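Work through the exercises below with the sequence and the structure open. Try each task before reading its solution.

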Amino acid sequence: TLFPYTTLFRSPRIMVADADWCGVVQGLLSTGICGVYPRHLLHHVDDRPLLNGLFAVSKNEFSDAGIELHRLIMNMVPLNKLCRSIQGDVGTLPTLAGLSAFYLEENEIAVMNSEDIKCFYYLFRVPDSWMKFMGFAREIPTEFVPAQWKGEPCHLVAQVLPMGFINSVGLAQHIHRNVVRWSLANCETDLGGEAELRRDRPAPMGKDLYRVYLDNWDEVRKVDKRFVEEIEGKPSLHQLALRQQYSLLELPRHPKKSDRKSVV
């Protein structure tokens, strides 16, 4: 929902070197992260198009070819200034304080299972009607302009949920919680929504609990110390069901962050 407005905020910069701009445009289009809109179809404030920024931050990781990996950030400040902030599922984001009620008996140990979705924000397509608000400030080279708009100035537009949009956190949290809920329906345990650790509800009182924090899922279980060696390094039933749900929805797991470990 857009607020009334009187002036348009200054468009953020596209922080890409001129020599690299063609390669960036090609990459964003080929992966489906961005599409192309002519300038006249973008949302306008008075006579000026609403344009956003792009930049990247290092992930401190390198590819096998030695290329430094970066995280793409879509700077949506102009759009954010015009939008209402929706609560969505922000209130369900868990905190460490929620584990304060998770007590262990002398014969028990806590075992944690974790999953992480790779490139989480950029996996979810936004409605077509949103795209006119998600244009980026630099005009694209003519070779990327579709035939029907040849001769017109065109811009990249985000086709996926942007990291940098005011409502992305609430929407992303809602999506992942639904995926986890669907996985529970196919899980051979009696674990349900009452076992979710969330900020806006009292802490679960059972032996098992799970939490969803954007792209992360964690399960914590109380296990008798005598049986820890038998289950160490093995995924739980809920974790297997969740992996199956990820596969069904084509959500890529982050193999380096999928983990199983024991903590006292």
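**Exercise 1. A charged residue inside**

Task: In this predicted model, find E219 and decide which side chain of opposite charge is nearest, and how far away it is.

Solution.
- Step 1. Locate the residue: E219 belongs to strand β10, which covers residues 216-224.
- Step 2. Look for a partner of opposite charge. The nearest such side chain is that of R221, 4.0 Å away, and E219 has no salt bridge although it is buried.
- Step 3. Look for a polar partner instead. The side chains of E219 and S236 are joined by a polar contact of 2.6 Å.
- Step 4. List the surroundings. Leaving out residues up to four places away in sequence, E219 touches V111, M112, N113, L191, L209, Y210, S236 and H238.

**Exercise 2. A second charged residue in the strand**

Task: Find K222 in strand β10 and state which backbone oxygen lies 2.8 Å from a polar atom of its side chain.

Solution.
- Step 1. Check the charge partner. K222 is buried and has no salt bridge; E108 is the nearest side chain of opposite charge, at 4.9 Å.
- Step 2. Apply the cut-off. A salt bridge needs a side-chain nitrogen of Lys or Arg within 4 Å of a carboxyl oxygen of Asp or Glu.
- Step 3. Turn to the backbone. The oxygen in question belongs to Y103.
- Step 4. Place both residues in the list of contacts. Apart from neighbours within four places in sequence, K222 is in contact with residues including Y103 and E108, as well as F102, L104 and I109.

**Exercise 3. Salt bridges that do form**

Task: How many salt bridges does the structure hold? Describe some of them.

Solution.
- Step 1. Recall the principle. Side chains of opposite charge can pair when their charged atoms come close.
- Step 2. Count. The structure holds 12 salt bridges.
- Step 3. Take R138 and D18, whose closest N and O atoms are 3.6 Å apart in a salt bridge. This pair links distant parts of the chain, with R138 in strand β7 and D18 in the segment before α1, 120 residues apart. D18 is exposed, with a relative accessible area of 68%.
- Step 4. Take R198 and D200, which meet in a salt bridge of 2.7 Å, N to O. R198 counts as buried at 18% relative accessibility, while D200 counts as partly exposed at 35%.
- Step 5. Take D128 and R125, with closest N and O atoms 3.3 Å apart. R125 is exposed, at 55% relative accessibility.
- Step 6. Look for a network. Salt bridges link D89, R177 and E196.

**Exercise 4. One face of a helix**

Task: Which residues of helix α1 (residues 21-30) are buried, and where do they lie around the helix axis?

Solution.
- Step 1. Pick out the buried residues: W21, V25 and L28.
- Step 2. Look down the axis of α1. The buried residues fall within an arc of 70°, so they line one face of the helix.
- Step 3. Find what they pack against: strands β1 (34-38), β4 (51-62), β5 (68-75), β7 (135-139) and β8 (154-158).
- Step 4. See what comes after the helix. α1 is followed by G32, which has a positive phi, near 80°.

**Exercise 5. Positive phi without glycine**

Task: Compare L214 and E250. Is each one buried or exposed?

Solution.
- Step 1. Read the angles. Phi is near 55° for L214 and near 60° for E250; L214 is a residue other than glycine with a positive value, and so is E250.
- Step 2. Place them. L214 is in the loop between β9 (208-213) and β10. E250 is in the loop between α5 (237-248) and β11 (259-263).
- Step 3. Check accessibility. L214 is buried, with a relative accessible area of 14%, whereas E250 counts as exposed at 68%.

**Exercise 6. The whole protein**

Task: How many helices and strands does the protein have, and what share of its residues is buried?

Solution.
- Step 1. Count the elements: 5 helices and 11 strands.
- Step 2. Take the share: 44% of the 264 residues count as buried.
- Step 3. Give the extent. The C-alpha trace spans about 70 × 45 × 30 Å along its principal axes.
- Step 4. Describe the surface. The protein exposes about 14,800 Å², and carbon and sulfur atoms supply 53% of this area.

Key: Residues are numbered from 1 along each chain as its sequence is written. Side-chain values use heavy atoms; hydrogens and water are left out. Helices (H or I, at least four residues) and strands (E, at least two) are DSSP runs, numbered from the N terminus. Buried means under 20% relative accessible area, exposed over 50%, partly exposed in between (1.4 Å probe, protein chains only). Lys and Arg count as positive and Asp and Glu as negative; His and the chain ends are not counted. A polar contact is a pair of N or O atoms within 3.5 Å; within protein, one must be able to donate a hydrogen and the other to accept it, and residues adjacent in sequence count only if both atoms are side-chain atoms. Contact means heavy atoms within 4.5 Å. The arc is that of the directions from the helix axis to the C-beta atoms. Accessible areas come from the Shrake-Rupley method with a 1.4 Å probe; for residues, only the protein chains shown count as cover.
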